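I opened the notebook to look up two things here: charged side-chain pairs and helix packing. My notes follow the order in which I looked.

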Amino acid sequence: MRLFIALKIPQLPKITEALEVLNRVGGDVKLVEPWNLHLTLIFLGELPENKVDLVKDSMNAVSFNSFKVKFFGTGAFPNLNKPRVLWIGLSEGASELRKLRGELYKQLVSRGIRPEDEKEFSPHLTLGRIKGPRGVVNLIQILNDYASTDFGEITVEEITLFKSTLTPKGPIYDPLYSVKSVDRR
């Protein structure tokens with residue numbers, strides 16, 4: 001099973017608007033559907049089904065209080081000169097997300113699960129992935145237009161384990177398990 005742990009992101013109007021504007025460019029980009037928006041904490045990759053309970057145990061071992069995440073500004077990985085991934089950044093909540101991810105990571109590793117994304121965690125909301133050069137200049141211009149935009153905020157009250165099924169029409173994300181914050185249990 002292809003698995004990841006993430007925050008569900010509701011369809012905030014300003015984020016939906018940005019996705020629609022990016023879509024109108026007609027660039028060679030695969031945008032995330034609004035109903036699939038999520039903020040990945042840990043990508044686990046392919047795991048056998050018999051390891052899912054260990055992932056759930058890891059999630060249960062992490063306790064966190066609810067906190068706010070504010071979405072602000074746009075950019076691209078690795079950078080705007082060679083964009084591969086288009087994203088929305090955070091102006092609040094990044095340190096809490098790093099701490100939460102660190103705890104999850106520690107719990108997973110202690111149970112023999114090695115997440116695939118061991119590089120440094122940079123909290124962001126992925127908008128899309130560039131597939132080719134068509135329309136890239138226009139996509140970058142839109143990112144620049146939204147660089148100082150406040151996209152809204154959410155309160156993080158739970159983390160969710162998702163199963164990702166890749167299809168020709170795009171990924172399907174099925175929530176398998178969630179853990180609520182200590183102050184919401």
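I call a residue exposed when its relative accessible area is over 50%, buried when under 20%, and partly exposed in between. The model is predicted.

**Entry 1: helix 4**

I started with the exposed residues of helix 4. I found Val137 and Asp145 exposed there, on the other side of the helix from its buried residues. Next I listed the buried ones. In helix 4, residues 136-145, they are Val136, Leu139, Ile140, Ile142 and Leu143. Why do they fall on the same side of helix 4? They do so because their arc around the axis is only 155°.

What covers the buried residues of helix 4? I noted helix 1 among the covering elements. Four strands also went into my list: strand 2 (29-31), strand 4 (67-77), strand 5 (85-92) and strand 6 (125-130).

**Entry 2: salt bridges**

I moved on to charged pairs. Side chains of opposite charge can pair when their charged atoms come close. I took 4 Å between the side-chain nitrogen and the carboxyl oxygen as the limit. With that rule I count nine salt bridges.

I looked at lysine 14 first. Its side chain forms a salt bridge with that of glutamate 17, at 3.3 Å from N to O. How far apart do lysine 14 and glutamate 17 sit in helix 1? They are three residues apart in helix 1 (residues 13-24), so about one helical turn separates them. Lysine 14 is partly exposed, at 32% relative accessibility. Glutamate 17 is partly exposed too, at 30%.

I then checked helix 3, residues 94-110. Glutamate 103 and lysine 106 both lie in it, three residues apart, or about one turn of the helix. Their side chains meet in a salt bridge at 3.6 Å, N to O. I have glutamate 103 down as partly exposed, with 30% relative accessibility.

**Entry 3: lysine 30 and glutamate 33**

Here I found a salt bridge of 2.9 Å, N to O, between the side chains of lysine 30 and glutamate 33. Is glutamate 33 buried or exposed? At 16% relative accessibility, glutamate 33 counts as buried. Lysine 30 is at 30%, so I entered lysine 30 as partly exposed.

**Entry 4: a network**

Last, I asked which residues are linked in a network of salt bridges. I wrote down two lysines, Lys68 and Lys70, together with Glu92 and Glu153.

How values were computed:
Residues are numbered from 1 along each chain as its sequence is written. This is a predicted model: local features need pLDDT of at least 70, side-chain atom pairs count only at pLDDT 80 or more; totals for chains, interfaces and linings use all residues. Side-chain values use heavy atoms; hydrogens and water are left out. Helices (H or I, at least four residues) and strands (E, at least two) are DSSP runs, numbered from the N terminus. Buried means under 20% relative accessible area, exposed over 50%, partly exposed in between (1.4 Å probe, protein chains only). The arc is that of the directions from the helix axis to the C-beta atoms. Contact means heavy atoms within 4.5 Å.
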